[in-house]
Amino acid sequence: GCSLAVFTSGGDAQGMNPAVRAIVRMGIYLGCTVYFIHEGYQGLVDGGHSIRQATWASVSGISEDGGTIIGSARCKDFRERPGRLRAAKNLIEHGINNIVCIGGDGSLTGANLFREEWSSLLKELVETNQVKQEDAETYSYLNIVGLVGSIDNDFCGTDMTIGADSALHRIMEAIDCIATTATSHQRCFILEVMGRHCGYLALVTALGSDADWVFMPEAPPEPGWEDQLCNKLKNTRETGQRLNIIVLAEGAIDCEHRPIKSDDVRELISKRLKYDTRITILGHVQRGGCPSAFDRLLGTRMGAEAVLALMEATPTSKPVVIALSGNQTVRVPLMRCVEKTLAVAQAMQAKRFKEAQELRGRSF
Ligand code: ADP
């Protein structure tokens, strides 16, 4: 059988462990030797003890844990060619040329670059006598499959990323708690949620919590929104509602790309309406805790499919990302996803917000 390795990279997300478990067990089931690469790309660059063989038992009982048992990191070295050269050497030393990368768009962009460079990296390793010619021939191509682990649901090409659903569970629990106390005191709450440049968490939170207003990057409020917001809050209070919930994405901006900060919104409301207004920034709570049933299943299905995709890869096949489309796990070209994700950023930059929403696709 062949050898394959799995690593988790970038920000952690609930559901990475069920994915790791499925990859290890599907790999072993198909007769492969499976390796963990610990601490993301850093472990790949460092080699040595960071690359360890996985066993059937080593992934027992991990599905219910959030985060990732094999560690995740951001790695400067891998951004430069010398780091990627060391990474290639370490993989060949372990006889690995199949890898599953679980990470966000940054990690998957890096994986794609690594694959494109592979033959030139091998050439350099042979020329500098770090790798034998025969090994370079045996491992002449690198197969890569990506899984998107991110609470932000910010990746084009999949309806859901691993972790987004669990993050929504954390947020909903928090909002429900805040709502009871806010009602008692007739307060206005501004709840800031994660998502970087993506408003998915904010939008779903607002819909699920009956919020009065949502600020999200893809749909900046029209000029004059300050009056609109205050009128809306006032009207709902006058019809008897005892609390107000405003959801604000951490990446919220106005039409001129100026960030909308929770402090500014609070100032506005306290000054104009004299409501007792509080801010809750959920922060890393959103990344924490156990994965939801949905994320456990998503990670498991995507992990199993990733191994099948690796086994079916040929020297000429393009790298894929395992995505959810409707309720199906499908393989989509990695490059197209990365390019589309980049196109969203460009559309936002150019204030073509409608286009950005459309590019984000079905998850909106
Ligand atoms: P995420 O994968 O969650 O988007 P980052 O963007 O921080 O997180 O990327 C994680 C790691 O992936 C980086 O620390 C770096 O090692 C690697 N990486 C990201 N972008 C590139 C790139 N363009 N080239 C090479 N490696 C990259």
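A residue counts as buried if 20 or more other C-beta atoms lie within 10 Å of its own, as exposed if there are 12 or fewer, and as partly exposed in between. The exercises below apply this and related criteria to a predicted model.

**Exercise 1. Classify R196, and say where along the chain this residue is found and what sign its phi has.**

Solution. Start with the neighbour count: R196 has 16 other C-beta atoms within 10 Å and is therefore partly exposed. Next, place the residue, which is found in the loop between β7 and α7. Finally, turn to the backbone, where R196 has a positive phi of about 50 degrees although it is not a glycine. For context, most residues other than glycine have a negative phi.

**Exercise 2. Carry out the corresponding analysis for Q186: which loop holds this residue, and how many C-beta neighbours does it have inside 10 Å?**

Solution. The loop in question is the one between α6 and β7, the latter spanning residues 188–193. Inside 10 Å, Q186 has 13 C-beta neighbours, so this residue counts as partly exposed. As to the backbone, Q186, although not a glycine, has a positive phi of about 50 degrees.

**Exercise 3. Describe how helix α6 packs with helix α7, giving the geometry and then the residues that meet.**

Solution. Two packed helices are described by the angle between their axes and the distance between the axes. For α6 (residues 164–185) and α7 (residues 200–208), the axes come within 10 Å and cross at roughly 45 degrees. That angle makes α6 oblique to α7. The handedness follows as a separate item: α6 passes α7 in a right-handed crossing. On the α6 side of the contact are A164, A167, L168, I171, M172 and I175, which meet Y200, L201, V204, T205 and G208 of α7. Sorted by class, this contact has nine nonpolar, two polar and no charged residues.

**Exercise 4. Decide whether α11 and α12 are roughly parallel or roughly antiparallel, and identify the contact between them.**

Solution. Helix α11 (residues 334–349) and helix α12 (residues 353–360) pack at an angle of about 165 degrees, and their axes are 8 Å apart. Because angles over 145 degrees count as roughly antiparallel, α11 and α12 are roughly antiparallel to each other. Their crossing is left-handed. The residues of α11 that take part are K340, A343, V344, A347 and M348, and they meet F353, E355, A356, L359 and R360 in α12. By class, the contact of α11 with α12 divides into seven nonpolar, no polar and three charged residues.

**Exercise 5. Work out how α3 is oriented with respect to α4, and which classes of residue make up their contact.**

Solution. The axes of α3 (residues 81–93) and α4 (residues 105–127) come within 9 Å and cross at roughly 80 degrees. That makes α3 roughly perpendicular to α4. From α3, the contact draws on R84, L85, A87, A88 and K89, which meet F114, E117, W118, L121, L122, E124 and L125 in α4. By class, there are eight nonpolar, no polar and four charged residues in this contact. One further residue of α3 is R81, which counts as partly exposed because it has 13 C-beta neighbours inside 10 Å.

**Exercise 6. Establish how many residues of α1 are buried, and which elements those residues pack against.**

Solution. Helix α1 covers residues 16–29 and has 14 residues, reaching 20 Å from its first C-alpha to its last, close to the 20 Å expected at 1.5 Å a residue. Of these 14 residues, 11 are buried, so α1 is largely enclosed by the rest of the structure. Among the buried ones are M16, P18, V20, R21, I23 and M26. The buried residues pack against the strands β1 (3–8), β2 (33–37), β4 (98–103), β5 (143–150) and β6 (162–163), and against helix α10 (293–312). After α1 comes G31, whose phi is positive, near 90 degrees.

**Exercise 7. Locate D254 and state which residues it contacts beyond its neighbours within four places in sequence.**

Solution. D254 lies in the loop between β9 (244–249) and α9. With 14 other C-beta atoms within 10 Å, D254 is partly exposed. Leaving aside its neighbours within four places in sequence, D254 is in contact with P220, P221 and I260. D254 and F215, 39 residues apart in sequence, are 8.8 Å apart in space, C-alpha to C-alpha.

Note on methods. Residues are numbered from 1 along each chain as its sequence is written. This is a predicted model: local features need pLDDT of at least 70, side-chain atom pairs count only at pLDDT 80 or more; totals for chains, interfaces and linings use all residues. Axes are lines fitted to C-alpha atoms, for helices over the stretch in contact, and angles run from 0 to 180 degrees between N-to-C directions. Helices (H or I, at least four residues) and strands (E, at least two) are DSSP runs, numbered from the N terminus. Angles under 35 degrees count as roughly parallel, over 145 as roughly antiparallel, 65 to 115 as roughly perpendicular and the rest as oblique. A crossing is left-handed if the near helix is turned anticlockwise from the far one by less than a right angle, and right-handed if clockwise. Two residues are in contact if their C-beta atoms, placed from the backbone, lie within 7 Å. Ala, Val, Leu, Ile, Met, Phe, Trp, Tyr, Cys and Pro count as nonpolar, Asp, Glu, Lys and Arg as charged, and the others, Gly among them, as polar. The expected span of a helix is 1.5 Å times one less than its number of residues.
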